[in-house]
Amino acid sequence: MNFTSTIGLEVHFELKTKSKIFSPSPVTYGAKPNTETNVIDWGYPGTLPMVNKEVYRLGLMVALATHSHINPVTHFDRKNYFYPDNPKAYQITQFFKPLAENGYVEVEVHGKKKKIHIHEMHIEEDAGKNTHGTNGFSYVDYNRQGVPLLEVVSEPEMTDPDEAVAYLEKLREIVQFTGASDVKMEEGSMRIDTNISIRPAGQKELGTKVEMKNLNSFEHVRLSLAYEQKRQQEILLSGGRVRLSTRRFDTNTGKTVLERVKEGDADYRYFPEPDLPPYHIKQEWVDEIAANLPKTADERRKIYVDEYGLKPYDANVLLQNKESSDFFDATVAAGADPQQAANWMNTQVNGYLNEKHAELKDIALTPENLAAMIKLISDGTISSKIAKKVFAETVANGTDPKKYVEENGMAQLSDESVLAPMVKEVVDANPQSVEDYKNGKDRAIGFLVGQIMKQTRGKANPKVINKLLLADLASR
Amino acid sequence: MNYLNETIDSLNYKLKSGAVSADQLAKDTITNIKKTDEKINAFITVDEDAKPAEDLDFNNKLAGVPIAIKDNIITNGLKTTAASHILYNFEPVYESTVVAKLKAAQATIIGKTNMDEFAMGSSTETSYFGATKNPWNLNKVPGGSSGGSAAAVASGEVVAALGSDTGGSIRQPASFNGIFGIKPTYGRVSRWGLIAFASSLDQIGVMSKRVKDSAEVLNVIAGADDRDATVSEKEVPDYTSFLGKDVKGLRVAVPKEYMSDAVEEGVRKAVETQIELLRANGAIINEVSLPHTKYVVPTYYIIASSEASANLERYDGIRYGYRAEAKNLDEVFLKSRSEGFGDEVKRRIMLGSFALSAGAYDKFFLQAAKVRTLICQDFDKIFEDNDVIVGPVSTETAFDLNSEISDQIKMYNNDILTISVNMAGIPAASVPAGLSETTGMPVGFQIMAKRFDEGHVFQVADFIERNNKFYEQTPAGLED
Amino acid sequence: MEKVTNDTIKHVATLAQLEFSEEELAKFTSQMRKILEMAEELQAVDTTGVEETVQVVDRDTVFREDVPEKWQTREEMLKNVPDKSNGFVKVPVIIDKDDNQ
Ligand SMILES: [Mg+2]
Ligand SMILES: [Zn+2]
């Protein structure tokens, strides 16, 4: 018997704001417990939420980038459940009137293009964090409470794990290039819940679904879905019944493990949040956001390859994240040759970041300085050997390359009227080498260049020396 | 110091002229409260360290004037309990907007008044800190839920107090205690720092013996606030500017449903006397109908309880308030809440949780929200041709302590004349209409107006006060 | 309407995190039954085509700018906490119960 799988994905993105969705507490990652909170975050009696405008703006960017229908009137709702990390015992979310609906992303799987539809996306608040101790107690930190989230809910229309991963990769890329979220799974700024059901091919009615929450990587998504496909098939083939349940992926065994069986959908008693008025999204605002939407990765890729002539591989390395692509664009905008800029970005700059375990935003290098350095190379002011020294200084201390080169006398000697007499002098002093050269021993050239370099303490432009030397030798 | 014969103006004059210092006034106020409260229990907390603001500027009418605050309004650093066991030890670490505004106007916050637990009740008998008694008759309830504020004003403990009104909780106790009390338009006064009962209905208001004193206090506490997304940005007029006017040509609607046989004889008579007074002075009296009146009680109880069920979920024993002895997390939730809440609060939480639960939402919550629309439309229609709507506040005068607490349906039905106002979000007040001929207890005359038209409410209330001079009467229960 | 039974009340009590003794349960069930009978009267109102009113606010789209502010210190926030440890709120361990238990 053949089976069809139905996979749906819910992805939470932390939106990149300076303050929380309903309170002005700062949003920072890794602060000391309960230092970045206030009475609103703690659900103190008498407090009221106040919506951060930036949350809507970032959410709308993602809605636009996924071709979603933006609801002109949205409203917040309360989702009620008790848990120590949920201080009001309700989460303020958008249940009845979400931010946007009916979007899609386009993916390519197994060489075929496919549209995966987005059912809806809504904005909501994140919860705090529980840490379970071993002594019979748990410890609650509310720093994360109120961090803005965008939850993107796909239609359940993916049919295999590869499709699910392709969708996630594309969605992550789209969200990342809007700049709305850091999309870092390791820091929790992108979190994935999956659900999967299977049914005999041809059967219309969907099978019973199994949910998996908070998967840690795309690879775990793929492996756990594949495992579930197999597990559920075996149950059905042996005449069993799949139970509505939540399961967990065990990374050690590669298997999924039952967490809890569910009786039906939980009763969250959703109702409209009376502390917040409706939010009308004006078309002018949407248009303004659309006009300022950063270029997508696909748009950038096209420019890099078609206009700049970069190899697709190099373009993709630059497009691994928005920061590096933005940095590259700014370097080109500052006057650097795109191919040169790409070479430097993908080799030296990346190498430096890897060595330092740093990100572009953390280091002293600016696109302007990188562009200035590339210009110094292309106009012959510095050699590529000197360039390595200049780069080391600029990347470490943010030093202006031009100034650095000038102050340290690193500029190449390219003036022919200065170099020609020196060449003549060296050739005159080395008749044996002239002899060797005439006899076809090319090594002699290297020796003569070395002598000139020695005299100029390495600053002579090798290209110019070569040219002058050949001319001089030919004349003898 | 007793305030039975004082007003904010008279106190302002005494303070300005140096007849009394603000420090002395605060001390004397506390001494008098302690004495009077032995009889009526109007306060949960008296701030023994209450200090007037420094550098008093007597251009502020409230400078140095002691004001009492209902105990569901947050006072930074001063215990705030909502009269519940679950918040019995709660010490706020932030300030409510209304108290911040009163402090900016240099009022002295003297203490926190008793109330029904979480403002759920009409008698102040559900308080964890014991019932408050009616200064007119110590065997009777002061009404509720702002019963402590009402009794404190009626007994002269303070000249004015803040209350809150979700379904009549300012107007009904004002009427039971023979004082003035106004619930402003929803959104007129910031709710930041008001411990929520039903967020779409709650509104902070003022209670005072004299109409003008409430106008003075409302002038201070009303207006925009960037901490409350539901508060209006409309400009606040000077409410005292509506006083001292006549009522000639004023269009006054009297809903027939408010004058039915369900209204006790003595109440009806006292109310009719005021209507006749208005007519005699040139007001145009129109009989109108609020046809959905018979549905307001269930509509209100579903909406208010649904919102309350969510608003009160945060009292879980984790972050503040009462935490019961517990072996595991489930017990923390269950025992803290079950031991921390009183029966009336539990009933409303249960009703609200039920009305929102799967399968009940459409039938109960959504249907009630739709009926609410019809109730609003009833008012809109009347206000097309009328400036104010008047009638009784309550079908009866203050009832005996412990007489109704066990009959919820009767208790809930007492609110039938006040709760529509909250559902429509309009302003309304209770002004004394005299004593009931049948019970000898004060009767309240209710005045309602269009949203943000507090002006007409003040105008009519002031007119009635000037004519019947009820303020000259002293509560009988205070005599030794 | 369908009868409000002890089980309905028990289910709602679980949602609301309240517990009742058998005696209280009987009392609450009968009280809730009466209150819901009253609520049932609303079914008589024809609300076809009527929009619901969930609030009466004269504003919409009320935003705050994205400017971080520090209000309370951790010490202030922890002031009312019944049990705390090293800057955390301390609670008895969380037992994950299966819904079907
Ligand atoms: Mg979800
Ligand atoms: Zn979510």
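A:F328 is buried, at a relative accessible area of 0%. This residue belongs to helix α7 (residues 322-333) of chain A, in a model that is predicted. The briefing below begins with the surroundings of A:F328 and proceeds to a metal site, a sheet shared by two chains, the contact of chain B with chain C, and two places within chain B.

**Surroundings of A:F328**

- Beyond neighbours within four places in sequence, A:F328 is in contact with A:Y304, A:Y308, A:L310, A:L318, A:P338, A:A341, A:A342 and A:M345.
- A:F328 and A:A371 stand 43 residues apart in sequence, with a C-alpha to C-alpha separation of 9.5 Å.
- An unreviewed UniProt entry lists residues 326-473 of chain A as "domain: Asn/Gln amidotransferase".
- Residues 326-473 of chain A are 72% helix and 0% strand, and the C-alpha atoms at the two ends of this span lie 50 Å apart.

**Metal site in chain A**

- The zinc ion (ligand 2) is coordinated by A:H12 through NE2, and by A:E124 and A:E151 through OE atoms, at 1.9 to 2.1 Å.
- A:H12 lies in strand β1 (residues 3-14) of chain A and A:E124 in strand β8 (residues 112-125) of chain A; with their positions 112 residues apart, the pair links distant parts of the chain.
- Along the chain, the donors of the zinc ion (ligand 2) have the spacing H-x111-E-x26-E.
- A:H12 and A:E124 are both buried.
- A:E151 also bridges to the magnesium ion (ligand 1), which lies 4.0 Å from the zinc ion (ligand 2).

**Sheet formed by chains A and C**

- Four strands form an open sheet with antiparallel pairing, in the order β9(A)-β10(A)-β3(C)-β2(C).
- At the edges stand β9 (129-132) of chain A and β2 (84-85) of chain C; each has a single partner strand, so one side of each is left without a neighbour in the sheet.
- Strand β10 (residues 137-141) of chain A pairs with strand β3 (residues 88-92) of chain C in the antiparallel sense, over four bridges.
- Within this pairing, A:V140 has C:V89 of β3(C) as its bridge partner.
- In general, strands of a sheet pair through backbone hydrogen bonds.

**Contact between chains B and C**

- Chain B contributes 72 residues to the contact, and chain C contributes 57 residues.
- About 5,500 Å² is buried between chain B and chain C, with carbon and sulfur atoms giving 65% of this area.
- Six salt bridges are counted between chain B and chain C.
- One salt bridge joins the side chains of C:K79 and B:E91, at 3.5 Å from N to O.

**Helices α2 and α3 of chain B**

- B:T29 is found in helix α2 (residues 22-40) of chain B, and counts as buried because its relative accessibility is 0%.
- Apart from neighbours within four places in sequence, B:T29 is in contact with B:M1, B:Y3, B:P66, B:I110 and B:E157.
- In helix α3 (residues 97-104) of chain B, the buried residues are B:T97, B:V98, B:V99 and B:L102.
- The cover over the buried residues of α3(B) includes the strands β2 (66-70), β3 (108-113), β4 (160-164) and β6 (204-208) of chain B, together with helix α6 (211-221) of chain B.
- B:Q106, just after α3(B), adopts a positive phi of about 70°.

Conventions:
Residues numbered from 1 in each chain as written. Chains lettered and ligands numbered in written order. Predicted model: local features only at pLDDT ≥ 70, side-chain atom pairs only at ≥ 80, totals over all residues. Heavy atoms only, no water. Buried < 20%, exposed > 50% of the residue type's maximum accessible area, 1.4 Å probe, protein only. Contact = heavy atoms within 4.5 Å. Pairing = 2+ DSSP bridges. UniProt positions renumbered as here; feature names shortened; annotations may be inferred. Donors = N, O, S within 2.8 Å, 3.2 Å for Na, K, Ca; no water. Buried area = accessible area lost by both parts, 1.4 Å probe. Salt bridge = Lys/Arg side-chain N within 4 Å of Asp/Glu carboxyl O.
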